[in-house]
Amino acid sequence: MKVIHVSQITEAVAKLCQEANFNLPEDVSRALRRALREEESELGREIIQQILENAEIARRERVPICQDCGLAVLFIEMGQDVRVEGGSLEEAINEGVRRGYSEGYLRKSVVRDPIDRVNTSDNTPAVIHYRVVEGDRLKILLAPKGGGSENMSALRMLTPADGVEGIKRLSLIHI
């Protein structure tokens, strides 16, 4: 049985919050550099170059890649042979988010309720997805989820019987 103290979890999450906002993953950087080589439009190349320069400045200066530092979404894989001691796993994660966003000077945009829109001031609570797996390891993946283009989006479900007429009816509501 592997024992992990909550302080280790808090520290790891705080670092992940900052690293995810300061460092573009290498596979994304490679894809952007490849796109820059293959892009035919001058404007397109200029925009991709600006994205790459912004990512380099963010990494070097330790500032966020994007002003929308996102909601902290964590994916936890916890081995069945792991025991967390010293407190709650969930509270350790949220404390790590608090510290990471505060110490990294990251924008805190989480609201406690979508109606009253009062900011929690610490970017918690995080969205946490848990998965119990075999073994004695604890894996933590953090993905800051910004609003971006979803800021003005909506989702509606149609029944299969609605058919084309249902699609037309739904589309007219949003025009």
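In this predicted model, Ser29 has a relative accessibility of 9% and therefore counts as buried, the cut-off for that class being under 20%. Ser29 lies in helix α2, which covers residues 26-38. When neighbours within four places in sequence are left aside, the contacts of Ser29 are with Leu24 and Leu52.

The sheet is a separate topic. Three strands make up an open sheet with mixed pairing, and their order is β4-β2-β5. Strands β4 (127-133) and β5 (138-145) are at the edges; each has a single partner strand, so one side of each has no neighbour in the sheet. On average, neighbouring strands of this sheet are turned by 15° against each other, direction ignored.

Strand β2 spans residues 71-79 and runs parallel to β4, with 7 bridges joining the two. Across from Leu74 stands Ile128, a residue of β4.

Two helices, α1 and α4, pack on the sheet, as listed below.

| Helix | Residues | Strands touched | Angle between directions |
|---|---|---|---|
| α1 | residues 6-22 | β2 and β5 | about 40° with β5 |
| α4 | residues 89-103 | β2, β4 and β5 | about 140° with β2 |

Which strands does helix α4 touch? Helix α4 is in contact with β2, β4 and β5. For helix α1, the strands touched are β2 and β5. The angle given for α1 refers to the direction of β5, whereas the angle given for α4 refers to the direction of β2.

Notes:
Residues numbered from 1 in each chain as written. Predicted model: local features only at pLDDT ≥ 70, side-chain atom pairs only at ≥ 80, totals over all residues. Heavy atoms only, no water. Pairing = 2+ DSSP bridges. Helix = DSSP H or I, 4+ residues; strand = E, 2+ residues; numbered from the N terminus. Axes fitted to C-alpha atoms, helices over the stretch in contact; angles between N-to-C directions. Contact = heavy atoms within 4.5 Å. Buried < 20%, exposed > 50% of the residue type's maximum accessible area, 1.4 Å probe, protein only.
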